[in-house]
Amino acid sequence: MDANGTSEALMMQNGNGFLPGVDVDILPPVNMTVQGQTQDISAGKCHILTMAFPYSLLVQMKSLSTIAKPGSGAWKRSKTNVLVVGMRALGGEIAKFMMLTGVGSLTIIDSEILREDDCMAGGFFLRLADVGKNRAQAGAPIIQDYNPRIALTVLPLDVRAQSQSFFAPFDLTFACDLDFATMSLINAKTRLVNRAFYAAGTHGLYGFAFADLISHDYILKRIVANIPTALGPESTTRAVVAATTVKESGANFELVTKRELYSPLVLANSSPLPARYTANRRLLRKVTPLLSCLRAVWDFERSLARLPSHSLARLPSHSQADLELFTRLATEKHKELQLPMETLTAEFLRDFMQQLGAEIAPLTSLVGAKVAEDGVNVLSGKEQPLQNLALFDGGASNFPVYALHPEFEASLVIGGLAAAGMVGELPGVVVVP
């Protein structure tokens, strides 16, 4: 296991023979629903093929062969419904990890047709023989192999046409490799039904993950300190809401319940960096220019009003006009974030644009594992979740997290809350005195 908590690659039998790996027994057979038709899935071995697993996910996977106790993390996961939107390489990785950690059911929705480049770009679950089929239907059999006990539903539908009630049954929704407008639309609908939302995407060696859990409580277990834990806010988005003491194995432990508040993607995308960055030029210099470039790509899509698709048609081409427009947008975003202009180099812009729309297996595996791991922690109510945007720069091995929330004048916000009888409740809003 390396310093990042990932294990060695786990590989199983494939169509050409046997590879070193670990068998995971899958006992009871279940049914898989594909486009309204039920197919029998025979009991057998779970095929594991991945680049790397976070250690915590490997621990979670042990619950597949044990009986979960009511109230435990494994028991909660077994009652969970998960939705994955988009079945490219990243969506397949997240679906795989969700199957391996033992969720109650998994639904995959994707209206796109499988193309040859989908099979060649890191999507190990997509085969050339299935080119021309619906992408989700093509990848479903291999995804099901990871855990035949879990009910898998495939919907070859356009997610944009679904109403907010469509998202209500799902405890977690993962939107993968979609354009900004579609991600924001899904996020708005999941918020209306009070459901957790993740968005993630990759461009070659670059990627991102965003979380909107609306309001999420989690419990931390730690040894009792000499100073009692104080209830109240720890930051603009986090507060301690409860603290209890328990005794285990002769030692006293404290169970601290914390609450994180979130902002939707459409607000986070226009929000400034936290004050601790803007007040410190040294920290500003360390902020990755990937944040500016990512916002520029989303603005590029919106300014050209291109239809959402998984093809390169929605991304900047290498024409002179597109290069100039993207460079101007990235520069504007860099200035809006108050970042030093010398950190946005021509080399970084060129490298980023050359990788737009590309899929590289190691990074899709890394981002998929990290997003799935965070989702598992949210389901179990343990560990601090992502707050709220993580960026992945595989070339520089840099994976920072930024808490991006809108700022409002304190007098306006507090006045409005007082009129509504909600003083002290600031859901996902940062108040500036």
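**Close-up views of a predicted model**

**View A. Cys-293 counts as buried, at 0% relative accessibility.** The model shown here and in the other views is predicted. A second cysteine, Cys-119, has a relative accessible area of 13%. Because buried means under 20% relative accessible area, Cys-119 is also placed in the buried class. How many disulfides does the structure hold? The count is 0.

**View B. Strand 9 covers residues 196-203 and is largely enclosed by the rest of the structure.** The reason is that 8 of its 8 residues are buried. Which residues cover the two faces of strand 9? On one side lie Ala-196, Tyr-198, Ala-200 and Thr-202, and on the other lie Phe-197, Ala-199, Gly-201 and His-203, with buried residues on both sides. Ala-196, found in strand 9, has a relative accessible area of 11% and is therefore buried. The C-alpha atoms of Ala-196 and Asp-212 are 6.1 Å apart in space, while the two residues are 16 apart in sequence.

**View C. Strand 9 pairs with strand 8 in the parallel sense.** Strand 8 consists of residues 172-176, and 5 bridges join the two strands. The chain gets from strand 8 to strand 9 by way of helix 7, residues 180-192, in a β-α-β crossover that is right-handed. One of the bridges puts Cys-176 opposite its partner Ala-200 in strand 9.

**View D. Strand 9 also pairs with strand 10, in the antiparallel sense.** Strand 10 runs over residues 206-212, and the pairing with strand 9 has 7 bridges. Gly-201 has Phe-208 of strand 10 as its bridge partner. Strands 9 and 10 form a hairpin, and 2 residues lie between them. Within the turn, Gly-204 has a positive phi of about 65 degrees.

**View E. Strands in the order 11-14-13-12 make up an open sheet.** The sheet has 4 strands, and their pairing is antiparallel. Which strands stand at the edges? These are strand 11 and strand 12 (232-233); each has a single partner strand, so one side of each has no neighbour in the sheet. Between strand 11 and strand 14 there are 9 bridges, in the antiparallel sense. In this pairing, Asp-217 stands opposite Arg-259 of strand 14.

**View F. Asp-217 and Arg-259 form a salt bridge.** Their closest N and O atoms are 2.7 Å apart. The salt bridge links distant parts of the chain, with Asp-217 in strand 11 (residues 215-223) and Arg-259 in strand 14 (residues 251-261), 42 residues apart. Asp-217, with a relative accessible area of 32%, is partly exposed. Arg-259 is also classed as partly exposed, at 33% relative accessibility. A search of the whole structure finds 22 salt bridges.

**View G. A salt bridge joins Arg-285 to Glu-342.** The closest N and O atoms of this pair are 2.6 Å apart. Arg-285 belongs to helix 10 (residues 281-286), whereas Glu-342 sits in the loop between helix 12 (320-336) and helix 13 (346-354). The two residues are 57 residues apart, and the pair links distant parts of the chain. Arg-285 counts as partly exposed at 45% relative accessibility. Glu-342 is partly exposed, its relative accessible area being 43%.

**View H. Lys-333 and Asp-299 meet through their side chains in a salt bridge.** The N to O distance is 2.8 Å. Lys-333 is in helix 12 and Asp-299 is in helix 11 (residues 290-304), so the salt bridge ties together parts that are 34 residues apart in sequence. Are these two residues buried or exposed? Both Lys-333 and Asp-299 are buried. Elsewhere, Asp-110, Arg-115, Asp-117, Asp-118 and Arg-135 are joined into one network by salt bridges that share partners.

**View I. A nonpolar patch on the surface is formed by Met-120, Leu-128 and Val-131.** Together these residues have about 300 Å² of accessible area. Where is Leu-128 placed? Leu-128 lies in the loop between helix 4 (116-120) and helix 5 (135-145). With 48% relative accessibility, Leu-128 counts as partly exposed.

How values were computed. Residues numbered from 1 in each chain as written. Predicted model: local features only at pLDDT ≥ 70, side-chain atom pairs only at ≥ 80, totals over all residues. Heavy atoms only, no water. Buried < 20%, exposed > 50% of the residue type's maximum accessible area, 1.4 Å probe, protein only. Pairing = 2+ DSSP bridges. Right-handed = clockwise from strand over helix to strand, strands pointing away. Patch = residues over 30% accessible without salt bridge, like charges linked within 9 Å, V, L, I, M, F, W, Y side chains within 5 Å. Areas by Shrake-Rupley, 256 points an atom, 1.4 Å probe, with all protein chains shown as cover. Salt bridge = Lys/Arg side-chain N within 4 Å of Asp/Glu carboxyl O. Disulfide = S-S within 2.5 Å.
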